[in-house]
Amino acid sequence: MVPFVRPFWKLVLFSTLANLLFSVSNAMVLAIVEPVFRTLFGGDAAGAATRTVPAAASGLKAQFDAFLSSFIEMATYGESIRNISIIIFVLFLVRGLTKYLGNIISTRLEEGIMKSIRDALFGHITQQSLDFFSKRKAGDIISLLTNDVGVLNHATVNSVTTLWREATTLIIYIVLLTIISAKLLAISLGVALCGLLLIRMFTKLLRTYGARLQAAQAEYTSTLQESILGIRVIKGMSVEPHFVSRFMSQTGQYVRRALKNTRVMGLIPVVNDTFGILALVTVFYVGGMEREAGNITPSNLVTFLFLLFGLMQPISVLVNTIAGMQRGIAAGANVASALDEAPTIASGSHSAASLQPKIDVHNVTFAYSDAPVLRDISFQVQEGETVALVGSSGSGKSTMLDLFLRFYDPQEGSITVDGKDIRSLDLASYRTLFGVVSQETILFNDTISNNISLGVEGADQSAIEAAARVAHAYGFITEMPNGFQTKIGDRGLRLSGGQRQRIAIARALFRNPRILLFDEATSALDTESERLVQDAIDSVLARRTAIVVAHRLSTIMKAHRILVFDQGRIVEQGTHSQLLEQNGTYARLHALQFANPS
Ligand code: ADP
Ligand code: MG
């Protein structure tokens with residue numbers, strides 16, 4: 001937490017001050033109980049009599065009494081009563097104002113800290129390598145940024161301010177109590193200590209329960225998120241009830257865990273109050289004896305009891321806050337472990353900006369976990385060449401493209417661009433060498449223009465339109481009512497599959513990349529849009545360096561070289577006619593997949 005709190009030190013200071021003032025005024029309210037009693041019951045003469053300070057009282061108490069008396073004990077009873085009324089009113093006013101101010105400052109502090117934690121988390125998560133995301137459910141990551149950061153705020157930052165405020169109140173009270181009677185204080189603290197030990201056991205339990213509660217929250221968030229993303233499948237297959245019941249059982253689990261948490265948490269104030277009253281009663285009894293022995297004045301005993309009673313609230317708040325913090329600590333642990341995770345793909349230091357698009361793949365072997373999905377792959381791509389990767393589903397073609405982008409690093413072998421190992425290159429500058437169209441078209445909730453120029457502020461509109469033209473997207477975009485300024489709904493739902501893919505192609509072209517990586521996905525397209533996409537790809541590939549996972553015969557036939565993948569190996573390579581002559585895997589694939597022109 002410290003690095004996140006440090007920038008807010010001024011607010012922390014103000015909040016500390018406001019809370020200190022609150023505590024002081026709070027204690028003062030109780031400290032004037034004795035003089036009030038004295039004035040009310042004794043009048044002037046009697047007041048002067050009882051004011052003879054008992055031997056046990058220290059000089060500090062005498063000074064404090066004298067200080068108060070200078071305000072309260074006036075010449076006449078009426079004036080004293082008037083002054084007391086004014087002082088009580090002012091004290092409560094200060095108490096209220098400082099509490100209000102303290103709350104406002106704490107909120108600014110909390111929201112500020114929470115924002116910087118969220119921002120840091122989002123920044124850190126986007127820096128992670130792809131394996132980070134495949135290891136986790138998207139819902140868990142979302143839950144981390146929303147639920148966990150939220151709880152962290154309420155249970156940690158909030159608590160620190162509360163802890164500070166109540167702890168200062170507590171200290172002031174204890175100082176006042178010590179002044180009046182150290183012996184009575186020791187007795188009451190002894191009783192309270194027994195209660196605190198019991199409560200300590202509960203807080204340990206609460207930490208475990210808090211972690212479980214956070215996990216339950218992540219689970220239903222995950223289901224919510226998956227259901228929204230997969231709503232077409234869910235509706236299409238009429239499986240809404242299945243998802244609703246899954247969600248309901250997860251929210252049910254959450255409720256059960258929340259109850260379990262509260263059952264322990266609820267015990268804490270009960271234990272707290274019981275031991276508090278026990279301490280009070282003990283002091284009443286022992287103090288009564290002391291009073292009879294003449295060791296303490298009645299008004300001092302009454303003040304002591306008032307203070308002790310007043311002490312119960314801050315202690316109770318303190319103990320509850322500490323109990324609530326356990327959930328925050330559990331959430332904080334999740335946040336901290338995400339922040340500590342380093343990306344598995346490390347950036348190199350050399351800039352890739354001036355490299356020529358000549359690619360060499362040397363004996364690459366790659367596995368996601370145990371079994372390799374690419375084995376001993378070697379090939380070259382010269383500048384201006386189009387190389388097509390073909391092969392049955394699951395043969396490793398998309399994985400090969402991921403290795404070019406350094407989404408993963410191979411376990412054996414290497415990839416070089418213009419003779420440089422890609423691991424030695426600065427990751428961000430290296431990736432901008434590529435224009436990528438992946439199997440799944442992802443568009444963002446923004447205008448078509450901004451989707452094409454993704455992330456480039458103030459992009460040149462004519463460059464956007466030029467990219468759209470090459471991608472055969474210009475026509476349908478300009479036919480829309482708002483043209484390039486049309487907003488695409490979440491994930492591009494308002495566009496057909498073919499239109500979305502052509503926008504994705506325009507996006508890949510917009511930055512004028514040196515190398516194109518295409519993963520043709522035809523399965524989602526109807527014949528008409530497939531032909532349009534195919535035309536777009538064909539016109540894009542002319543004279544460019546490209547590696548294309550090809551499903552379409554026209555792309556394959558225009559490729560300079562075809563690499564045939566089978567179970568992670570390149571089993572054949574050559575041109576379309578050479579491969580057909582070999583009458584091997586390619587010829588079989590061709591007969592099955594490509595022979596019927598679409
Ligand atoms: P293709 O694109 O040729 O259909 P892929 O490269 O997508 O094949 O997949 C090759 C193999 O790697 C498949 O067996 C697939 O199940 C596996 N695979 C793909 N992506 C992952 C991943 N993120 N984690 C683990 N295994 C994966
Ligand atoms: Mg694939």
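Let's start with Ile268, which sits in helix H10, residues 240–293. Helices here are DSSP runs of H or I with at least four residues, strands are runs of E with at least two, and both are numbered from the N terminus. Is Ile268 buried or exposed? At 0% relative accessibility, it counts as buried. Buried means under 20% relative accessible area, exposed means over 50%, and partly exposed is in between, with a 1.4 Å probe and protein chains only.

What does Ile268 touch, leaving out residues up to four places away in sequence? The list is Ile199, Phe202, Leu206, Val319, Asn320 and Ala323, where contact means heavy atoms within 4.5 Å. Now look across to Arg552: from Ile268 that's 284 residues in sequence and 69 Å in space, C-alpha to C-alpha.

Quick word on what you're looking at. This is a predicted model, where local features need pLDDT of at least 70 and side-chain atom pairs count only at pLDDT 80 or more, while totals for chains, interfaces and linings use all residues. Residues are numbered from 1 along each chain as its sequence is written, chains are lettered from A and ligands numbered from 1 in the order in which they are written, and side-chain values use heavy atoms, with hydrogens and water left out.

Okay, the whole chain. You'll find 21 helices and ten strands in it. The radius of gyration is 37 Å, well over the 25 Å that the globule rule gives for 598 residues, so the chain is more spread out than a compact globule. That radius is taken over C-alpha atoms, and the rule is 2.2 Å times the number of residues to the power 0.38. Along the principal axes, the C-alpha atoms fill a box of roughly 120 × 50 × 45 Å. Of the 598 residues, 46% count as buried. And among contacts with a separation of 6 or more, 77% are between residues 24 or more positions apart.

Here's another residue to click on: Ile171, in helix H7, residues 138–180. Ile171 is exposed, with a relative accessible area of 53%. Between Ile171 and Ala506 there are 68 Å, C-alpha to C-alpha, and 335 residues in sequence.

Next, the metal. Which residues give the protein donors of the magnesium ion, ligand 2? They are Ser398, through OG, and Gln439, through OE1, lying 2.0 to 2.7 Å from the ion. Ser398 lies in helix H12 (397–404) and Gln439 in the loop between strand S6 (434–437) and helix H14 (448–452), so the pair ties together parts that are 41 residues apart in sequence. Donors are N, O and S atoms within 2.8 Å of the metal (3.2 Å for Na, K and Ca), and water is not among the atoms, so sites may look incomplete. Ser398 is partly exposed at 25% relative accessibility, and Gln439 is partly exposed too, at 45%.

Staying in that loop between S6 and H14, we meet Glu440, which counts as exposed at 56%. Its C-alpha is 55 Å from that of Ala18, 422 residues away along the chain.

Last stop, two backbone oddities. Arg406, in the loop between H12 and strand S4 (412–417), has a positive phi near 55° without being a glycine. Arg406 is buried, at 2% relative accessibility. Asn583 also isn't a glycine, and its phi is positive at about 55°. You'll find Asn583 in the loop between helix H20 (576–582) and helix H21 (585–594), and this residue is exposed, at 60%.
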